[in-house]
Amino acid sequence: MTPKRFSNPFHGVVDMITEMNRISDTMSSIEGGQAGERERGFADAWSPPTDILAKGSDLVIRCEVPGVYEEDVAISLNHGILTISGERQRDGEDVVYYSSERFMGTFRREISLPDGVEEEDITASYGEGLLEVVVRGAANQRGPKRIAVTRRKRG
């Protein structure tokens with residue numbers, strides 16, 4: 001008896017959705033008089049795939065940003081929010097893209113850190129398209145405190 005072969009019911013769906021989004025973006029650009037490339041701002045910046053994990057007592061954040069030069073990456077800490085931002089540059093003006101599936105332009109990722117994290121607790125390294133940010137001692141911090149919700153009295 002020949003084993004049954006199952007087909008993936010979602011095969012091609014991701015590609016179709018990506019293509020529909022690309023067509024929609026293109027049509028919006030044409031309708032808005034912005035044919036061609038448009039600049040991305042922080043509101044529509046792409047977000048790199050990111051892993052957040054504990055390694056001993058340290059919190060480790062790994063972002064995939066291949067094709068981005070380390071001088072085009074910025075990391076900042078403000079009010080407990082770690083912001084990783086930067087830009088992936090397109091090739092020069094004389095290049096014609098026949099297909100472009102990678103996000104280009106600015107990217108931004110914001111991660112809430114536990115209370116008490118200071119700038120000196122954070123180190124970052126970059127190599128082979130992987131940015132790694134280590135926050136020393138942040139993995140064992142107490143999580144957020146749950147606040148009880150009570151019924152409001154009418155009146």
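A polar contact is a pair of N or O atoms within 3.5 Å; within protein, one of the two must be able to donate a hydrogen and the other to accept it. Keep that in mind for the tour of this predicted model.

**Whole chain.** Show the full chain as a cartoon. Its secondary structure comes to 1 helix and 7 strands. Following the elements from the N terminus, you pass them in the order α-β-β-β-β-β-β-β.

Now switch on the surface. The accessible surface of the chain is about 12,800 Å², and carbon and sulfur atoms account for 50% of that area. Of the 155 residues, 21% count as buried. For contacts between residues at least 6 apart in sequence, 55% join residues at least 24 apart.

**Strand 1.** Select residues 50-55, which make up strand 1. Thr50 belongs to this strand, and the next stops concern this residue.

**Thr50.** Is Thr50 buried or exposed? Its relative accessible area is 19%, and buried means under 20%, so Thr50 counts as buried.

**Polar partners.** Show the side chain of Thr50 as sticks, then add Arg109. The two side chains make a polar contact at 3.1 Å. Next, add Pro48: its backbone oxygen lies 2.9 Å from a polar atom of the Thr50 side chain.

**Surroundings.** Which residues is Thr50 in contact with, leaving aside its neighbours within four places in sequence? Select Ile61, Arg62, Cys63, Arg109 and Ile111 to see them. Arg109 thus appears twice on this tour, in the list of contacts and as a polar partner of the Thr50 side chain.

Note on methods
Residues are numbered from 1 along each chain as its sequence is written. This is a predicted model: local features need pLDDT of at least 70, side-chain atom pairs count only at pLDDT 80 or more; totals for chains, interfaces and linings use all residues. Side-chain values use heavy atoms; hydrogens and water are left out. Helices (H or I, at least four residues) and strands (E, at least two) are DSSP runs, numbered from the N terminus. Buried means under 20% relative accessible area, exposed over 50%, partly exposed in between (1.4 Å probe, protein chains only). Contact means heavy atoms within 4.5 Å. Accessible areas come from the Shrake-Rupley method with a 1.4 Å probe; for residues, only the protein chains shown count as cover.
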